[in-house]
Amino acid sequence: MEQAATLMERVLYEVKKTVVGQDHFLERVLVAMLAGGHLLVEGVPGLAKTLTVKTLAATVRGSFRRIQFTPDLVPADLVGTRIYNQKTSEFATSLGPVFCNLLLADEINRAPAKVQSALLEVMQEHQVTIAGEMHKVPDPFLVMATQNPIETEGTYALPEAQVDRFLMKVLVGYPSEEEEFVIVERVTGPAHEPMAVATTDQLGELQRQCRKGYVEPALIQYAVRLAAATRQPDKYLTYGASPRASIHMIECARALAFLRGRDYALPEDVVDLVPDVLRHRLVLSYEALAEGLTPDELIKRLMQKVRAPDKPLAAHVKVESRALDGLLHGDYRTLFRGFGLDLADIREYQYGDDVRHIDWNVTARLQTPYVREYHEDREITAWFLLDLSRSIDFGSQDVQKRALSADFVALLARLLTRHGNRVGAIFYGLDVDRVIAPRTGRRQVLAILHAMEQRPPLPEGKGTQLDALLKSAFNFIHRRSLLFIVSDFISAPGWERPLTQLAQRHEVLAVRLQDPLESELPDLGLLVFQDAETGEQVFVDTHDGSFRKRFMDAAEKREAEVRGALRDSGVDALELSTGADLVDTVLRFADLRKRKRVVRAHDLPVA
C-alpha cells in the first residue's frame, strides 16, 4: 500500500508541474483511472481539460488520442473501417483513434447520435467490432468526454444509455486569480515536459490493488438507499438513477480512499463523490426546470434525507469508548495483566494472586509462598481464536451468535489497536483454515472483520472439534500473548487439556456465546429440532412438561461441565448472550478484572 501511494504521489506531482489548480478535477480523473471508468467533463474552453489528460498519459507512458467531435463525423472515423487494397485485392482493417489508453472526446455533444453511439461498445466492453471481427482496445482504457455548457446551437444531447455509462460527471470552473497568475507565468515561460514515472502495467496493478480495498456493508447500503431515493415519486424528477449509480459510488469511493492512502473506504469518501456520480443520471421534470433547479440542488436535498452511516467499526458496535478506554489502558495499567520482563517486587502470596507468578525458589527457602510482580507491558499482542463452526449461525433473537462474535471482536480489537497493541486472528470452521498475523492499526481490525463477514455458513455433516483450534494456537503462538477464545463451546470432548496447556503459557479469556433458547425451552407445541452441526432432525412436543424438564436438565448438565472445565483450566470466562447488551456485559466483567477479584465461572456476569 505504501509503494502504491508513493507511485500515485509521483504521478500527481508530475501532472501538477504542468497543470495549475483544478485539484478537484484532477482528483476525479485519477479516481476514474483507478476505478477503470470513464469521465464526462463539463466546462468552458481553456480550462486545461485536454492538457490534464495529455499530461497524465505522458506520466504513465500511455498512448493518448484526441478526437474533435463535429457534425460531419461518421462512426468509422472513431472505431476504424475496412480498406480495400487494390494491389493485393484484399481488405485490411484500419483501426481508429479509440485504440489508445486515454481518449479525449472533445465536445462530444457536437456529433450526431450515430457517432456518439459508436462509443457505446468500446466504453462498456473495451472492444470494437469491425466487419464482424472484434478488436480489443489497450488496457487500461479511459474515455474523457467534454461538453461546452455555453453553446447549444448545433449540438446533440447524449442518449441516456451512453450518459449512464460514464462513471462521473465533473464540473470544471474558472481558476482563482492567484492560480491564473501562475498559469500565465508558466505558459509564457520555458516549457517543461512531463517525465514518465510509471508504466501502464504499473497502472493496471494499481487498479487491481484498488479493487481489493475494503468497503463496509453499511456504506454499500447507503449508496443503494441514495440511488433508490432518486426513483421515488417526485415532482422534480422524471427518472432516477440506475443501479450503475450505486455500483459506481462504491467503486469511486474505494478509488478515492486508495488515493488518500487507505485500503478501506470511509463515509466521507462516498459523500464527497455523490454529486459527481449522480448529477448526470437524473432527468429533471418541467417543474424543476421552470423553477431553475439544478441536479446538484436536488442531490443536496436527497443527501439531507438519506444520512451517511457512522464510520466503520462505529457502525459495527456502538460503545462509549472513553469508559472502556479507562478500563483497558488507564495510566498504562491494562485490563489484562502484562508480561513485562522488569521485576517490580517480590512479596508474600495473597489470596487471589495468580499461581503462575509464584517464585518457587524463594518459596522453597522461606517455606512461605512468594510471588513475583513485574512491570506491566505497555503493549499487548492479542489473538482472537474464532470458532466459526455451524452452530455459530444460530440465534433466536434478532442477533445471531456470529454477529455477536463480530461485535465483540470489533469492540476489543478497536480499543486494543488504538493504543498501539497488535491483534491477530485464527479462524476455525471445519478445521483451522486461516491465520491473520498480528498487526496494529485500524486496517488490521477491518481486515479481521472483513474476513469474518465474508465467510459463508458451513455445510452440514461434521461436528465441532474445538481441540483442533486450541492445539493449533498452542503450536503456532509462541510468544506470550493475550488470547480470546470466542466460541459457544458446543464441541466434542477433548478440548479441556489443550485449553489447560494454553492457559499455562498465555493469558486466556474464554468468551462464551450463548442464546436463551439453548438453556430454556418454551411451550410452542410440536416442533422439528435440527442439529446445527450434523443436520439431524427430530420431532418433539414442547407442550410436554416432562420433555421440557429433561431438556433443561441436559442443558444445566452441559453448562456445569463447560464451567467446570474452564475453572479447572484456570481460565476466566465472559458470557455473552444474543439477548443482552454487549457493552454493558463487557463493562461489568472489566470492572471485576480491574478490582482484581477472582472471577469464577459461577460468579460471572451472565448476559
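1. Leu 40 stands opposite Ala 145 of strand E8. This is a predicted model, and the points below concern that strand, its partners and helix H2.

2. The pairing around Leu 40 involves strand E1, residues 39–42, which runs parallel to E8 and is joined to E8 by four bridges.

3. Strand E5, residues 102–106, is also parallel to E8, again with four bridges between the two. Here Leu 102 has Leu 142 of E8 as its bridge partner.

4. How many residues of E8 are buried? Six of the six residues in this strand, 142–147, are buried. In a regular strand, side chains alternate between the two faces of the sheet. On one side of E8 lie Leu 142, Met 144 and Thr 146, and on the other Val 143, Ala 145 and Gln 147; all are buried, so both faces are covered, taking buried to mean under 20% relative accessible area. Two of the residues named earlier as bridge partners, Ala 145 and Leu 142, thus fall on opposite sides of the strand.

5. Helix H2 covers residues 23–35, and its end C-alpha atoms are 18 Å apart. That agrees with expectation, because 13 residues at 1.5 Å a residue should span 18 Å.

6. H2 is mostly covered as well, with ten of its 13 residues buried. The buried set includes Phe 25 and Leu 26, and Arg 28 also belongs to it. From there the buried residues continue with Val 29, Leu 30, Val 31, Ala 32, Met 33, Leu 34 and Ala 35.

7. What phi does Gly 36 take, just after H2? The angle at Gly 36 is positive, about 75 degrees.

Terms used
Residues numbered from 1 in each chain as written. Predicted model: local features only at pLDDT ≥ 70, side-chain atom pairs only at ≥ 80, totals over all residues. Heavy atoms only, no water. Expected span 1.5 Å × (residues − 1). Buried < 20%, exposed > 50% of the residue type's maximum accessible area, 1.4 Å probe, protein only. Pairing = 2+ DSSP bridges.
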